[in-house]
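User: Please go through this model and justify the terms used for it.

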Amino acid sequence: REILVLYLERHTWYCSFIHTSSTKGSQRMIPNLRLCKLVRNSSGRATLSMFLSTGRTSLSVSNCKSRRFSSPTTAANSKLEKDPVPVPTSTSTPTATAMETLEESVLANKKKLKKELEDLPVDYSDVSRARVAIQGGVRRTECFKSYFLSELIGANIYLKPEFQQFTGSFKERGARNAILHLMREKGSSLKGVIAASAGNHALALAYHGRELGVPVTVVMPKVAPLAKVDKCRKFDARIIIEGAHIGESKSYAETLVKKEGLTYVNGYDDPPIIAGAGTIGVEIVEDVPDVDVVVVPVGGAGLIAGVSLAVKTLKPECKVIGVEPAFCASYTEALKANKPVPVGVQNTLADGLAVPMVGSHAFEVARHYVDECVLVSEKQISLAVLRLIENEKFVVEGGGCSGLAALLPGSALDRLDVKG
């Protein structure tokens with residue numbers, strides 16, 4: 001006999017097959033599981049349909065009976081049917097070997113998960129320290145409910161207006177935290193910082209570098225908005241235009257690190273950057289204690305890594321969903337490959353999210369905490385920009401609107417488990 005057990009461990013569903021005739025067992029992870037349904041035909045053969053957020057998969061099971069349990073332990077201690085035929089004649093407790101195997105499997109998974117979380121490059125203590133460090137240097141934006149967008153979408157929609165930071169984006173949090181971290185770590189030996197950015201990280205680094213007295217060099221791709229390039233110059237940063245996209249700009253910037261002795265600050269992958277972004281998650285839970293779902297734009301994955309870490313630590317039952325443009329689905333492809341991989345980049349309205357490969361540190365954190373990631377089209381992004389202007393009188397760039405784009409009618413998150 002085989003006993004199939006589905007159970008939840010730290011936001012991830014697992015499927016365990018326990019062989020009652022031996023001490024062996026096997027286990028596989030089922031990411032993004034939303035619903036299971038057992039369908040039986042007249043011959044007693046059944047199909048277990050597992051509905052995932054990314055699609056649907058099925059598993060055929062012969063002559064089975066289904067029971068629902070609140071936990072793996074409850075399942076292990078419950079009486080299961082000895083002869084799994086359509087009309088059972090007797091019941092018995094599963095063998096001791098099977099129960100021991102199940103308990104060992106669950107315990108081993110808990111230990112493995114704990115070890116993985118301990119090995120992550122960023123934890124909640126880093127977020128807490130970042131919050132103290134940047135206090136007074138960046139704006140503490142408040143979440144507010146949008147009446148008109150809530151009516152349009154059919155859910156209670158709260159917005160966190162990070163575009164109201166001095167340089168126009170959340171990037172200030174990570175940039176200031178990273179510079180302060182380097183100042184503590186290197187002291188007078190810090191010659192200056194350098195970064196590759198399409199605009200927002202460059203602006204944040206240039207502004208806070210000037211505020212903290214640290215020289216800043218930014219390498220920007222040729223597609224960077226001229227307005228952001230001009231603003232960086234006003235903050236006294238050295239500007240270098242190089243590369244067709246952010247990946248090429250980064251490669252050039254790394255050559256200057258060796259040549260000039262500068263310190264590179266990755267705008268989405270350095271641990272202090274991720275920790276700074278995580279302060280947003282703390283504020284979300286403070287402002288909306290009963291939050292059910294947090295929707296986050298995804299570029300290099302630094303923002304969603306920090307936010308998901310903070311939100312899941314403070315409110316584990318809350319879902320965190322990423323949204324990225326279909327023209328640059330680097331996080332989605334990384335999930336498929338189980339590691340960061342380079343992807344093709346097309347011109348997109350969400351230029352701030354056009355990162356050809358997500359950061360390795362950011363991906364390691366995000367994959368543990370993010371529930372799912374969906375894609376949005378250019379049309380949906382442009383509609384989101386328009387809806388914010390119409391309903392809130394906010395003018396926000398495409399990258400910042402991507403989360404809303406996924407919630408609008410007809411988009412990826414226009415579904416029953418999000419509405420209401």
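Analyst: The turns below take a sheet, a buried arginine and a helix pair, with the cut-offs behind each term.
Residues are numbered from 1 along each chain as its sequence is written, and side-chain values use heavy atoms, with hydrogens and water left out. The model is predicted: local features need pLDDT of at least 70 and side-chain atom pairs count only at pLDDT 80 or more, while totals for chains, interfaces and linings use all residues.

User: Why is strand β17 called largely enclosed by the rest of the structure?

Analyst: Buried means under 20% relative accessible area, against over 50% for exposed and partly exposed in between (1.4 Å probe, protein chains only). Four of the five residues of β17 (residues 372-376) are buried, so the strand is largely enclosed. Strands are DSSP runs of E with at least two residues, and helices are runs of H or I with at least four, numbered from the N terminus.

User: What makes β16 and β17 a pair?

Analyst: Pairing requires that DSSP finds at least two bridges between two strands. Five bridges join β16 (residues 319-325) to β17, and the two run parallel. G322 stands opposite C373 in β17, and P325 has V376 of β17 as its bridge partner.

User: Why is one side of β15 and of β17 left without a neighbour in the sheet?

Analyst: The open sheet has three strands in the order β15-β16-β17, with parallel pairing. β15 (293-297) and β17 stand at the edges with a single partner strand each, so one side of each has no neighbour in the sheet.

User: Why does R415 count as buried?

Analyst: R415 lies in the segment after α14. Its relative accessibility is 12%, so R415 counts as buried.

User: What makes the link between R415 and D417 a polar contact?

Analyst: The term needs a pair of N or O atoms within 3.5 Å; within protein, one must be able to donate a hydrogen and the other to accept it, and residues adjacent in sequence count only if both atoms are side-chain atoms. The side chains of R415 and D417 make such a contact at 2.7 Å.

User: Why is α3 called roughly perpendicular to α9?

Analyst: Axes are lines fitted to C-alpha atoms, for helices over the stretch in contact, with angles from 0 to 180 degrees between N-to-C directions. The axes of α3 (residues 124-134) and α9 (residues 271-287) come within 8 Å and cross at roughly 90°. Angles under 35 degrees count as roughly parallel, over 145 as roughly antiparallel, 65 to 115 as roughly perpendicular and the rest as oblique. The crossing therefore makes α3 roughly perpendicular to α9.
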